[in-house]
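This report describes the surroundings of the bound ligands and the enclosed space within the protein. The structure is shown first, and the description follows.

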Amino acid sequence: MTDGATFAIQPNANPIPASERAVRLENPGFGTVFTDHMAMIRYQAEKGWHDAQVTARGPLSLDPASAVLHYAQEIFEGMKAYRTPAGDAVLFRPDANAARFRESARRMAMPELPDELFVGAVEALVNIDRDWIPAVEGGSLYLRPFMFASEVFLGVKPSSEYLFLVIASSVGAYFKGGKDAVTVWVSSDYTRAAPGGTGAAKCGGNYAAGLIAQAQASENGCDQVVFLDAVERRYVEELGGMNIFFVFDDGSMLTPPLGTVLPGITRASVMTMARDKGVEVREQLYSMEDWRTDAASGRLKEVFACGTAAVITAIGEVRGTEHGFTIGNGGTGPVTRALRDELTGIQRGTRPDPYGWVKKVG
Ligand code: PLP
Ligand code: COI
């Protein structure tokens with residue numbers, strides 16, 4: 001059995017030369033620039049978690065009957081490491097990602113990875129690949145912990161073997177061109193999650209099921225899909241890869257309640273920061289009819305998407321087969337901007353961290 005301290009570190013014998021790394025970090029975009037290493041831990045029912053290591057990043061060899069390739073028993077996380085002005089590498093609320101990973105594992109009938117192993121693997125990777133945190137404005141090291149069923153067996157049952165890995169990608173803005181505000185597509189054809197389903201788990205299958213709607217969004221010139229509830233097809237749930245907040249003219253805010261949406265760590269952080277300023281934040285159902293009416297009347301002032309990849313990004317325009325309207329002047333409003341400045345300031349160590357959210361690596 002492995003505890004948090006026992007990662008075998010085998011540095012990459014052929015790392016990318018520093019000059020080439022500098023070129024790749026100039027304008028990294030999202031999700032295409034990868035670092036030199038990966039962390040890995042194995043699980044077998046009879047042995048538990050074992051063989052924790054950090055090695056050169058490289059292809060995996062998988063048997064074609066590996067269970068994940070057939071029944072999609074897979075979960076993942078998304079988190080970022082930032083470089084502070086003092087030169088430290090820091091993580092934002094890694095314990096929250098570890099806890100959500102355990103929740104996702106439980107829903108998908110997978111073994112729960114102890115938090116100290118989850119955080120230990122992430123820290124070990126950030127430590128060895130810290131030079132890959134881009135210095136460009138808005139740059140960070142996006143970390144992708146994930147776990148999948150590796151048992152070689154075609155029967156339908158929870159796997160008895162798993163691989164947990166962490167890979168890292170140097171990133172800039174998620175939306176191309178670092179847009180001021182994004183346009184969203186309301187999907188009337190597809191839903192993302194039903195009561196009793198897997199909407200609250202971060203499992204790959206949720207994203208696979210949403211891709212067709214994301215493709216329709218792109219065909220219609222939109223950046224993200226808005227999914228509605230699966231029962232009435234009426235209430236706003238979340239976007240394909242981020243949560244959503246509405247800001248009203250009385251200063252109050254609303255976000256859809258948990259249940260079928262992903263319990264975003266950015267969502268929870270925004271609620272804490274806003275409530276701390278005395279802002280009323282309601283976790284409440286909000287229908288498409290209300291969204292359209294409130295945007296038209298001016299009662300609705302701002303709408304924003306939030307998540308690790310998206311940070312806090314204004315939603316300027318809403319489109320769909322039955323929809324087409326703008327929010328405010330279609331750009332980033334003052335509440336959205338203030339929350340983004342505060343959140344990114346805490347994450348990047350340029351503002352005080354009153355909540356103890358930031359954890360130094362190494
Ligand atoms: N909702 C979905 C479907 C997501 O994929 C994400 C991103 O991880 C979020 C919400 C936001 O979660 P977090 O703020 O923890 O990144
Ligand atoms: C994240 O924000 O970490 C996600 O997983 C969402 C995805 C759009 C990259």
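## Ligand 2 and the two domains

Ligand 2 lies between domain 1 (8-171) and domain 2 (181-348), because both domains give residues to the shell around it. The model is a predicted one, and the positions described here should be read in that light.

The shell around ligand 2 is made up of Phe76, Gly78, Tyr142, Arg144, Tyr174, Lys202, Gly241, Thr308 and Ala309. By class, these residues comprise 4 nonpolar, 3 polar and 2 charged.

## Polar contacts of ligand 2

Two side chains and one backbone position are described here for their polar atoms. Tyr142 places a polar side-chain atom 2.6 Å from an oxygen atom of ligand 2, and Lys202 has a polar side-chain atom 2.8 Å from an oxygen atom of this ligand. At Ala309 the partner is a polar backbone atom, which lies 2.8 Å from an oxygen atom of ligand 2. On its own, ligand 2 has 280 Å² of accessible area, of which the protein covers 89%.

## The shell around ligand 1

Ligand 1 has 17 residues around it, and those that come nearest are Arg100, Tyr207, Glu238, Thr266 and Thr308. Thr308 also belongs to the residues that surround ligand 2. The shell of ligand 1 divides by class into 6 nonpolar, 7 polar and 4 charged residues.

## Polar contacts and cover of ligand 1

For Tyr207, a polar side-chain atom is found 2.5 Å from an oxygen atom of ligand 1. The side chain of Arg100 brings an N or O atom to 2.7 Å from an oxygen atom of ligand 1. Lys202 contributes a polar side-chain atom at 2.8 Å from an oxygen atom of ligand 1; a polar side-chain atom of Lys202 also lies 2.8 Å from an oxygen atom of ligand 2.

Of the 380 Å² of accessible area that ligand 1 has on its own, 96% is covered by the protein. Strand 12 (236-239), helix 6 (265-276) and strand 16 (300-307) are the elements that each give two or more residues to the shell around ligand 1.

## Enclosed space

How many cavities of 30 Å³ or more does a search of the whole structure find? The search finds 1. The volume of the largest cavity is about 30 Å³.

The lining of the largest cavity consists of Ala67, Tyr71, Glu151, Phe153, Gly155, Lys157, Pro158 and Ser159. In terms of class, this lining has 4 nonpolar, 2 polar and 2 charged residues.

Note on methods
Residues numbered from 1 in each chain as written. Chains lettered and ligands numbered in written order. Predicted model: local features only at pLDDT ≥ 70, side-chain atom pairs only at ≥ 80, totals over all residues. Heavy atoms only, no water. Near = heavy atom within 4 Å. Polar contact = N/O pair within 3.5 Å; in protein donor to acceptor, adjacent residues only side chain to side chain. Areas by Shrake-Rupley, 256 points an atom, 1.4 Å probe, with all protein chains shown as cover. Helix = DSSP H or I, 4+ residues; strand = E, 2+ residues; numbered from the N terminus. Nonpolar A, V, L, I, M, F, W, Y, C, P; charged D, E, K, R; others polar. Domains from an automatic or database assignment. 1 Å grid on protein atoms, 1.4 Å probe; cavity = no way out; pocket = protein on both sides within 12 Å on 5 of 7 lines; lining within 4 Å. Points joined across faces, edges and corners; volume = space filled by probe spheres on them.
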